[in-house]
Protein chains: 2
Amino acid sequence: MRKVAIVGIGQMPVREHWNSNLRDLAVCALRDAMDDAGVQSLDGLTVGNMLSGALSEQEHLGALIVDYAGLEGVEAVKIEAACGSGAAGIRMAYKAVASGLMDAVGVVGVEKLTEYSGKYSTAALATAADADYETTVGLSFVGINALLMKRYLYEYKFDKSDFAVFPVNAHQNAVHNPNAMFRHKITAQEYAKSKMIADPVNLLDSSPIADGAAAVIVVAQENLYRYPGKPVAILSCEVGTDTLSIDNRTNPLWLAGVERSAMRAFKVAGLSPQDIDLFEAHDAFSIMTALSLEASGFAEPGQAIRFALENGIDIKGRLPLNTCGGLKGRGHPVGATGVYQVVEAVKQLRREVDEHILVPDARYAMAQNIGGSGATVITTILENMSGRS
Amino acid sequence: MRKVAIVGIGQMPVREHWNSNLRDLAVCALRDAMDDAGVQSLDGLTVGNMLSGALSEQEHLGALIVDYAGLEGVEAVKIEAACGSGAAGIRMAYKAVASGLMDAVGVVGVEKLTEYSGKYSTAALATAADADYETTVGLSFVGINALLMKRYLYEYKFDKSDFAVFPVNAHQNAVHNPNAMFRHKITAQEYAKSKMIADPVNLLDSSPIADGAAAVIVVAQENLYRYPGKPVAILSCEVGTDTLSIDNRTNPLWLAGVERSAMRAFKVAGLSPQDIDLFEAHDAFSIMTALSLEASGFAEPGQAIRFALENGIDIKGRLPLNTCGGLKGRGHPVGATGVYQVVEAVKQLRREVDEHILVPDARYAMAQNIGGSGATVITTILENMSGRS
């Protein structure tokens, strides 16, 4: 097994891109990443995407994007794992390079969710849940997260207002990320007054849908001399799964898929939660942030909020969280999100983010991408290589 | 790189399965393959599927199917490459095992196309073409194949009736495959009188949509002692791509994606077209069979029909073609087709097909799965292992 690194990153601002279609967004992000890496060709491409068929009437994105990116004939497929599609694509590239089968593999996560009615996107996103046992009874993802949050408040005796710590932190960091969608602070008071979407999930608990594309170039560390780009090591990139429907889980407040993915990632990297210097969590809804922190081993069950308040999750805290805004502040272009998380973690380790959100001596960054309500989870652990030869 | 083999196969009959949904079909095929291999657990699963989101309102098939197959927590994703999704899944499994990252990986191709109006399936299938430059001007896949066939007849001076050789052969073989959808012979006269769909493509040029699922278990040859199942070696499984839209190709009658995929597969296997004992071609339409034979190196450009007539493509011919019925006779459950092709080739090499369609001393079988009109192509070369230690 070869050691693996990311030598190039690219991203489009997360926005409503009414003038760009899927291929435009994907090709721009990919070519930016290739330029950043200093590569002219790739051995393979994986495209992370969930809803191109449902919303843009376009499947077959692998062949489409290699063609439009000028990479004639290159092997390419689309990977779909709901909101985890992006990092699942990185996992495929990591495997191809680690194995020695390929030297340079591109990953682009792309999603186009706007230009359609909100209702249609919500229905399309619900295809990540169990069509026969969840969606048909009317459960959307807001509904699923509302059930989980209500249960959490009941089980662990927290007040709804205690969850403010997560979205307030995300927005505070997004202010300094030029690619984020919501670059304004919010307060705990605003959170408390925010419009209810599905009790107890309010508007400020919910990440926004958006359009976007982000890309990385994955290579073998033994070949780093070939690439002018600044490398960041991928120590591990591991997948865990769980039941699709939450009613099939013994304890719906314990994300077994997160636990499996994170424990595998820590094991392969030879690290533990205490070693992680910053964590890009999948805050599609505030409750997901809490459950992820717990199942990943950062906090005891039911203690994520206390962990956040006592240890600190802002840039100067013990565990800087969602330092570029997270899904809440950056926006959540579903199949692209996992790649954005890794791109942002790479920027942190390359010291290329705004000084207000820079985690000064960060060595290890972790990004966790979650599909559905925790059914597919991909945890990636990255290491700064500047101190190494 | 480790050598790789298939030790288990499973398949559901290709039918209109009105009583089974996606997960039923997939789990039955996968569990059959696991039983055949004698394995109780898997290290990973790839699901080949194109249209679950569009037609069954269900994405996220990886996590869904591992859960319902009783494979709690196992890594799983869906791979989408249009009609090439199934073999693209086999490619992923091949890479994971060859690299040493995983020991036993399952692949299940599944598709459910019926229970919906034909019009809707046709529109959903058109998402494999270029949404902005082909589909919006009204081109369905029948239309694209009609353009190619018309051009072929014009360029190479064949008569439409000459194409009968391919569907007549496919139906003749399907008679002896209990899992095939159309188990009846057709004649050249019936072909000539067949209802026109899109001039010059008639009904008997066109493979039928259907429901189905097929599965294989991929392992390392060095571990074969662990599995009671009869092994067949995967010598190569290689992907080539081309432009999505046919108008972007210098010569629309030359499938560059097929050429790339086949040449890579021959190179990795250390073989040439002359070595292949039977070929499972992607005969979604008769014209595709001709173009595949040519770009794969079996026949010169414009000579596929002559090759078929002079050398023979029936069971006793020089190149037995689509020995279990092909897409035309077996049926074409889109994302499952590539796995069916490999399952049928494995059955041939294990001498487990009906004696009427058995290619007696076959050593090398080749299966070629094509996405769209040749934009993603996966060629798999298999070898009988019974003569080896």
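This note walks through a predicted model with two chains, A and B, starting with one chain and ending with a pair of helices.

1. **What chain A is built from.** Let's begin with the elements you can pick out by eye. Chain A holds 13 helices and 11 strands. Along its principal axes, the C-alpha atoms of chain A fill a box of roughly 55 × 45 × 40 Å.

2. **How compact chain A is.** The radius of gyration of chain A is 19 Å, and the globule rule gives 21 Å for 389 residues; these values are close, so chain A is as compact as a globular protein of that length. Burial is worth a look too: of the 389 residues in chain A, 65% are buried.

3. **Contacts along the sequence.** Take the contacts in chain A between residues at least 6 apart in sequence. Of these, 78% join residues at least 24 apart. When you trace the chain on screen, it is worth looking for such pairs.

4. **How the two copies are related.** In general, a rotation about an axis and a shift along it relate two copies of a chain. Here, chain B superposes on chain A after a rotation of 180 degrees with 0.0 Å of shift along the axis, and the RMSD is 0.0 Å. That is the relation of a two-fold axis. Both copies use the same surface, since 100% of the contact residues of chain B recur in chain A.

5. **Where the chains touch.** How many residues of chain B are in contact with chain A? There are 51, and they meet 51 residues of chain A. On chain B, the elements that each supply at least two residues to this side include helix H2 (52-56), helix H3 (61-68), helix H4 (85-98) and helix H9 (256-269), along with strand E3 (75-80) and strand E8 (232-241). E3(B) gives the largest share, six residues. Sorted by class, the side of chain B that touches chain A has 23 nonpolar, 17 polar and 11 charged residues.

6. **A helix pair to look at.** Finally, find helix H10 (residues 286-295) and helix H11 (residues 304-311) in chain B. Their axes come within 8 Å and cross at roughly 85 degrees. An angle of 65 to 115 degrees counts as roughly perpendicular, which makes H10(B) roughly perpendicular to H11(B). From H10(B), the residues Ala290(B), Leu293(B) and Glu294(B) meet Ala304(B), Ile305(B) and Phe307(B) of H11(B). By class, this contact has five nonpolar, no polar and one charged residues.

Terms used
Residues numbered from 1 in each chain as written. Chains lettered and ligands numbered in written order. Predicted model: local features only at pLDDT ≥ 70, side-chain atom pairs only at ≥ 80, totals over all residues. Axes fitted to C-alpha atoms, helices over the stretch in contact; angles between N-to-C directions. Helix = DSSP H or I, 4+ residues; strand = E, 2+ residues; numbered from the N terminus. Parallel < 35°, antiparallel > 145°, perpendicular 65-115°, else oblique. Contact = placed C-beta atoms within 7 Å. Nonpolar A, V, L, I, M, F, W, Y, C, P; charged D, E, K, R; others polar. Rg over C-alpha atoms; globule rule 2.2 N^0.38 Å. Buried ≥ 20, exposed ≤ 12 C-beta atoms within 10 Å, placed from the backbone. Least-squares fit on C-alpha atoms with pLDDT ≥ 70 in both.
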